[in-house]
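Here are a few exercises to work through with the model open beside you. Try each task before you read its solution.

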Amino acid sequence: MPSRSHRRTPLERRRRLGLATGAVLVAGAIAVPAVNAATESAVTAKASAKRLHDDFNGDGYADLAIGAPGTTVNTQARAGSVSVLYGSASGLSTSRKQVLKGPGVESPEGWRGLYGSHLESADLDGDGYADLVSVIQDYKVDLEDGYTVQVDWGGPSGLSSQPTTLMWTPLVPAATGLFTVADVDGDQHPDLVTLSNDDWQSWDPEKSNGDGTVFHGPFDREGHPAKKDYFTIAGKTQSYQSLTAGDVDGDGTADLAVRTTKADGTRGVELLLGGTGGFTRKGLLKDAQGRTVPGEDAAIGDLNKDGYGDIVVGHSSESTTGLPTKGGAVAVVYGGPQGVSTTRKPVWINQDTTGVPGAAEKGDGMGTGLSLGDTDGDGYLDVATGLPGEDLDGITDAGAVLVLRGGASGLTGTGSKAFTQNTANVPGTAEKGDRFGADTALVDADGDKRSGLVVGDPDENATDGSVWVFSTTATGITATGSVSFGPTTMGFTASKARFGAAVTG
C-alpha cells in the first residue's frame, strides 16, 4: 500500500490478489457487506490488532486503493480522486468499489488538488480498521503554498467519504513523497512521519531545528496525534525526495530509508533506526564496493526470512558513476541487528543480470514503482518493479514490469518474470508512450497467502490511465485471466485522469 513509498509503506504481504468482474456501481457507492454487530462486539482488541494494515472494512481481506490525481471534479481540472476496490474470498471486483473525490472547488484566492498522487494505509486511531492517508496540494495567491495530509477513516462499511486533516506543511519539491506511516517508536501505534526541505519556522513556531516531524499515534477522530516531536538528519546540507519505513534491525520498530540529494547533486539513501528515544542516524547506504547507493524509490521487507528487513532501492535513472545500473537497477542492502548486515553483501540486479528477461538499455527505468509480496506462496517476499521506459519491437517507452524472486539467499534474477501489454493474455496493445509499469502493487485480496500483481499506468490512453490486475499460482504471477480497467469503470470522467498514478494494497 506499503510505503508504497511509494509511494506507500511496503510490508510483508503474503496474500493473493484476484479480480472478478462485476456490474459497475455508481461512483461513490459502497457494495461492502457490513460486519454483523454481534460479531463485531465480540472482536477483542488483540484480534483487531491482527487485522490487515490495508483492510479498510475489517472483513479480513486486503483492499486496493487507486489514485487518479488528474481527475476533473466540478469542472476543476486535476482535483483528483481515489478508487477503492474491496477484497473478498473471490478477490477484487469492480462491483465492490468506492470512489473518493478531491475538493473540486476553484476560487480566485487559491486551488486545491492532485488528490490521489500519494497513498498509504494504516490503523491510525486503533479501532481495528485500516485508514487511508493521502495528500491534497494547496496553491494560494500571495500566500505560502503547501500540502495537506489527510485521512479517510476505515470502518465496517468501508472508508469515510469526508476526510479529516492531519497536518499541513509548506509545498516542497516531491512533496507528496515526503511522508510515511509506520510505528517508529515501538508503542504498537502507527505514526505519521513527515520531512521538509523548507524553513518550518514559518508555520510551526514550536520547532527549533530539524528536518522532520513525527506525529505519534494513536490519532483521535479530529486528526490530533497523541504527541509530536522533531528530528534532524543532516540539517540543510542536503534535500530530501522521499522516505520509506520498515523494520531493518528486527527490533519490532520501524526504521526510515530517506532518499537524499546533497548540494553538489550527489544522491544517496540515509538510514535512520527508529526507537523509543527517537531516531539513530546510521548514514548513507553503501554497496559491496563501498559506493553510495542512490535511488528514486525504495521498499523494505524481509526477503530471506532471517528476521531483518532488507532495503530494496530502485535506481531508475541513468548513472555515470560506474554503478551497474544501465537501464536502471534494483539494489538490495540486507538488514541486520545493527541496521545493515555485516555478513551479507549488498547486490545489484538489472536486465543484464543472469536470469532477468530482456537486456539493459538506456532509459528503461528499472527500479520504478517497487512493491514487495510473496507471489508464489513459498514464504519468501518477491519484488515487482516497473520499467516504464522499456522499448518493445521499436515501440518507444511502451513499458514493462519485472517480478524478481526472493529466497533463502535473498533476491535473485533466477526465475524472474516479465509482463508487457504484448504478453499473451494481457489486455491491450503496447503503444508508444504508454509507460506501462509506472507503479506496481503486490497484494492478496482473497487471503490465500499468495500476492497478485497490480500495475498502474497513468499515461495509458493519452493520460486517461488504466490499471491491470494479474492473479497468481504456485509458480507465481500469471497473465492468464488478467484484466484491465480505467476511470470510466469507476464511474467518473476519464479525460486526463491519470488513473493508476498510485496503487497501494
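Let's start with aspartate 459: at 19% relative accessibility it counts as buried, where buried means under 20% relative accessible area, exposed over 50% and partly exposed in between (1.4 Å probe, protein chains only). Bear in mind that this is a predicted model, where local features need pLDDT of at least 70, side-chain atom pairs count only at pLDDT 80 or more, and totals for chains, interfaces and linings use all residues. Residues are numbered from 1 along each chain as its sequence is written, and side-chain values use heavy atoms, with hydrogens and water left out.

**Exercise 1**

Find the salt-bridge partner of aspartate 459 and say which parts of the chain the pair ties together.

*Solution.*
- Step 1: apply the criterion, a side-chain nitrogen of Lys or Arg within 4 Å of a carboxyl oxygen of Asp or Glu.
- Step 2: the side chain of arginine 435 fits, at 3.9 Å from N to O.
- Step 3: place the two residues. Aspartate 459 sits in the loop between strand 31 and helix 3 (460-463), and arginine 435 in the loop between strand 29 and strand 30, so the pair ties together parts 24 residues apart in sequence. Helices (H or I, at least four residues) and strands (E, at least two) are DSSP runs, numbered from the N terminus.
- Step 4: check the cover on the partner. Arginine 435 is partly exposed, with a relative accessible area of 30%.

**Exercise 2**

Work out which residues are linked with Arg221 in a network of salt bridges.

*Solution.*
- Step 1: arginine 221 forms a salt bridge with aspartate 125, and their closest N and O atoms are 2.7 Å apart.
- Step 2: this pair links distant parts of the chain, 96 residues apart: arginine 221 is in the loop between strand 14 and strand 15 (227-231), aspartate 125 in the loop between strand 8 (119-122) and strand 9.
- Step 3: add Asp127, which completes the network with Asp125 and Arg221.
- Step 4: compare the cover. Arginine 221 counts as partly exposed at 43% relative accessibility, whereas aspartate 125 is buried at 17%.

**Exercise 3**

Give the strand order of the open sheet of 4 strands, and explain why one side of strand 30 and of strand 35 has no neighbour in the sheet.

*Solution.*
- Step 1: the order is 30-31-32-35, with antiparallel pairing; two strands pair if DSSP finds at least two bridges between them.
- Step 2: strand 30 (439-443) and strand 35 (483-485) stand at the edges with a single partner strand each, so one side of each lacks a neighbour in the sheet.
- Step 3: look at one pair inside. Strand 31 (residues 452-457) and strand 32 (residues 466-470) run antiparallel and are joined by 5 bridges. Leucine 453 stands opposite phenylalanine 470 in strand 32.

**Exercise 4**

Name the residues with the most contacts inside the largest nonpolar core.

*Solution.*
- Step 1: collect buried Ala, Val, Leu, Ile, Met, Phe, Trp, Tyr and Cys residues joined through side-chain atoms within 4.5 Å; such a set is a nonpolar core.
- Step 2: the largest one has 31 residues, and Leu124, Val149, Leu166, Leu192 and Leu256 have the most contacts inside it.
- Step 3: note the second, separate core of 21 residues, which includes Leu92, Val443, Val469 and Val503.
- Step 4: go back to leucine 124. Leaving out residues up to four places away in sequence, leucine 124 touches a set of residues including Val133, Val151, Leu166 and Phe219, contact being heavy atoms within 4.5 Å.
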